[in-house]
Amino acid sequence: MVPIAYYLVLSAILFSIGVAAFLIKRNIITVFMSIELMLNAVNLTFVAFAHHWHQVSGQIFVFFVMVVAAAEAAVGLAIIIALFRTRATLNVDQVDLMKL
Amino acid sequence: MTSSLHLWLIPIVPFAGFLVNGLLGRRFPKALVTTVAWVATLIPFLHVLNIALHFSSLTLPYTENVGTWITAGSFHADFAFALDQLTLIMLLVVTGVGFLIHLYSAGYMAHEEGYWRFFAYLNLFMFFMLTLVLAENFLLMFVGWEGVGLASYLLIGFYFTKDSAANAGKKAFVVNRIGDFGFLLAMFLLIAHFGTLSFSEVFGQISQHPEWQGGFLTAIALFLVLGATGKSAQIPLYVWLPDAMEGPTPVSALIHAATMVTAGVYMVARAHLIFDRSPFALSTVAIIGAATALFAATIGLVQTDIKRVLAYSTVSQLGYMFLACGVGAYSSGIFHLLTHAFFKALLFLSAGSVIHALSGEQDMRVMGGLRKKIPITFWTMTMAVFAICGIPPFAGFFSKDEILYQAFVSPNPIGKLVWFVGLFTAGLTAFYMFRLWYLTFFGESRAQEAAHDDHGHGHSHGVHESPWIMLGPLVILAILSVIGGWVGVPEALGGHAEIDHFLSPVLQVAPEAAEGGKSLELLLAIVSVVTGAIGWFIAHLLYFAKPELRAQLAAKVRGLHSLLLNKYWIDELYGAVIVTPVLLVSRYVLKGLFDTGVITGGGLALGYTTQGIGSVVQRIQSGNIRSYAGWLALGAAALLLLTYFGFGAHLSF
């Protein structure tokens, strides 16, 4: 049986990659994908703990996270399309109209 | 008659007139403005007349509570009106003389800008004055008190484009504020000691406690006196009244002679139970009155502006009324108030008619010889002059003599002194009034020799008698100035002193003169008439028979003459001692140090600090999504570390 620590370390690595990508990448779609990566890292943690403690609630949380992620993807992609139509760019650094 | 008298109608109708004319008058034709103002004054007058006719069947004092105004704990003040003998006399004076002056104003103001404004203010004044007179408690009286001050301010500054008029209005208002401050303090003391401001309750408590003498009652009385000196133009606060002559002449007649300035006398008479318990306060009133009477009369001797002479004469006559109150002869004071309202209003209105005839000229040095040109004005003015000089049987004779007699027989040790001052002032009064009379109406016209440039007054078409709308009130007031005193013919002269008996339920009358007193009263009357005649004779000599004596006399007493001409330099003194220091403190300490330094400086410092912090902190708000995300990640990491190392011990994972 794989010890839980392995799952957690993997999850932490995935999450860190997600954060790093979010901070580094300029393409908004890549940024979006890194968010998904972070969410899934968290999902992995949930599932690992659910298995470890023999509790089903962790798995149910995962479903919620996936539903929310799907909804977020739908809204987010719509925003990205609208953004691309108006600004003709996917670079997040150029989307700074709210700046002082 | 037990049904309601609807006293509230008396003040509210002029107020309605004020609202109509004040809000809509600008668009009304002049005739409509006049009608509204007249009706709004006529209705209260008729109402008061009606009450006067049924007066004997009333149970007095009659009070009418319109509604509660203030309730705070055990203290409450109501919109309550009261009617008694004193109120009735004041009401008759205010509405009667007020109505006549409204009539007169329509003629006098016919060519003026802001006709509607004038009548709106006049009605506003009537509202406040009637509130003052009818009030059943000190607080409501104070509302009227302040309100007449406001109306007075507005009307003095009626020609507000003229600097001197605007300044005179301000001066009147500021000086009156000092007096109002005294009134306020008196009210605070009343609340502290009686828990109420209602006349009936305060005076009821005083009557039940004959052991209360002096002490806090003296304090209250002295503060009330301070208030009265402001409103009634007594020393030391008289300085605003002569300047108030900048207002239109009908205003001078109504507000600054007949009604408003007598409010102080009315207030002292109304609160006489307080004064009776404080001999010190009474003596103060008597001394202030006598000093003011003499002081103002001496200034009046040499003034050249016809209205200023009358203004100083008003101050002086108000001094007589205070003198009367000070020796405890309140009803004599009110009697003089009544007759003074007639003859002083008449003097001002006649002077207004003279000014009108001369197209705005007020300097007596360029008048003269008007007797033939404006005969009706001459005759009405003559009645008024005879009345104020105390020549029998004109109105002023009876009231003035009664005051002097009461002062003479007063048990107060200063009674004889104030009697002598009053007598001397009577002589001065006769002198300056006949001086005015001779200068204005007799001799040759001096208008030509003082060839002033014709400043395009619009209608300077020679000397002309005023229209009948002005002469009518003059004639009525002239009749009243002759017969007005007959309501108080003393018993020594075969009368019944009706007014004293009428007022006796409100103001206790000084003990009836003994048998020997009657001959004394007769003697004193003769003395004062002789004094008046001497004043007349000197005026006749100097201003009619031998005018060349005048320059010689003025040269002999040059110092005195210039002292009087400059009004004892009181305005300059006040300016140097009070106004200038206040201005300096305001400018350099309050404005310079406090306002600019502390308030503005503090505000600016606060603003700049915020701005500085903002300019540093705003760098966080870069608008760059990734920097926000970075901060977020950093924050999350910091939180994680904090939970792990900081207080991880409490949270076991």
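These questions and answers walk through a predicted model of two chains, A and B.

Student: What ipTM does the predictor give the complex?
Tutor: The model is predicted, so start with its scores. The pTM of the complex is 0.79. The ipTM is 0.77.

Student: Over which residues of chain B is the pLDDT below 50?
Tutor: Chain B averages a pLDDT of 87. In chain B, 95% of the residues score at least 70. One stretch falls below 50, and beyond near neighbours in sequence it has nine contacts in the model. That stretch is residues 449-460.

Student: Is chain A a compact globule or more spread out?
Tutor: Chain A has three helices and zero strands, in the pattern α-α-α. The globule rule gives 13 Å for 100 residues, and the radius of gyration of chain A is 17 Å, well over that. The C-alpha atoms fill a box of roughly 50 × 25 × 25 Å along the principal axes. Chain A is therefore more spread out.

Student: What percentage of the residues in chain A is buried?
Tutor: A residue counts as buried if 20 or more other C-beta atoms lie within 10 Å of its own. Chain A has 100 residues to test. The buried share is 9%.

Student: And what percentage of the residues in chain B is buried?
Tutor: Chain B has 25 helices and two strands. Its C-alpha atoms fill a box of roughly 115 × 70 × 55 Å along the principal axes. Of its 653 residues, the buried share is 48%.

Student: What share of the contacts in chain B with a separation of 6 or more joins residues 24 or more positions apart?
Tutor: Take chain A as a reference: there, residues 24 or more positions apart account for 45% of such contacts. Chain B is counted in its own right over contacts with a separation of 6 or more. For chain B the value is 80%.

Student: How many residues of chain B are in contact with chain A?
Tutor: On the side of chain A that touches chain B, the residues divide into seven nonpolar, no polar and three charged. That side has 10 residues of chain A. The number from chain B is 10.

Student: Which helix gives the largest share of the largest nonpolar core?
Tutor: Nonpolar side chains tend to be buried together in soluble globular proteins. Here the largest nonpolar core has 206 residues, and B:F125 and B:L323 are among those with the most contacts inside it. The largest share is 17 residues, from residues 115-134 of chain B. That helix is α4.

Student: Which residues, beyond four places in sequence, are in contact with B:L323?
Tutor: B:L323 is among the residues with the most contacts inside the core. Its neighbours within four places are left aside. What remains is B:A286, B:G289, B:A290, B:A293, B:I403, B:A407, B:V418 and B:G422.

Student: How many of the 14 residues of α16(B) are buried?
Tutor: At 1.5 Å a residue, α16(B) should span 20 Å, and its end C-alpha atoms are 20 Å apart, which agrees. Its cover includes α14, α15, α17, α18 and α19 of chain B. Among its buried residues are B:F378, B:M381 and B:F386. α16(B) is largely enclosed by the rest of the structure, because its buried count is 10.

Student: How far apart are the end C-alpha atoms of α17 in chain B?
Tutor: α17(B) is mostly covered, with 15 of its 15 residues buried. At 1.5 Å a residue, its expected span is 21 Å. The model agrees, at 22 Å.

Student: Which peptide bond is cis with omega near 5°?
Tutor: Most peptide bonds are trans. One cis bond runs from B:I235 to B:P236, with omega near 10°; B:P236 lies in the loop between α8 and α9. B:P393 sits in the loop between α16 and α17 of chain B. The bond near 5° is B:P392 to B:P393.

Student: Is B:W569 buried or exposed?
Tutor: B:W569 has a positive phi near 55° without being a glycine. B:W569 lies in the loop between α23 and α24 of chain B. With 12 other C-beta atoms within 10 Å, B:W569 is exposed.

Student: Is B:A233 buried or exposed?
Tutor: B:A233 also is not a glycine, yet has a positive phi of about 55°. B:A233 is found in the loop between α8 and α9 of chain B. With 31 other C-beta atoms within 10 Å, B:A233 is buried.

Definitions and conventions. Residues numbered from 1 in each chain as written. Chains lettered and ligands numbered in written order. Core = buried A, V, L, I, M, F, W, Y, C linked by C-beta atoms within 7 Å. Helix = DSSP H or I, 4+ residues; strand = E, 2+ residues; numbered from the N terminus. Contact = placed C-beta atoms within 7 Å. Nonpolar A, V, L, I, M, F, W, Y, C, P; charged D, E, K, R; others polar. Expected span 1.5 Å × (residues − 1). Rg over C-alpha atoms; globule rule 2.2 N^0.38 Å. pLDDT = per-residue confidence, 0-100.
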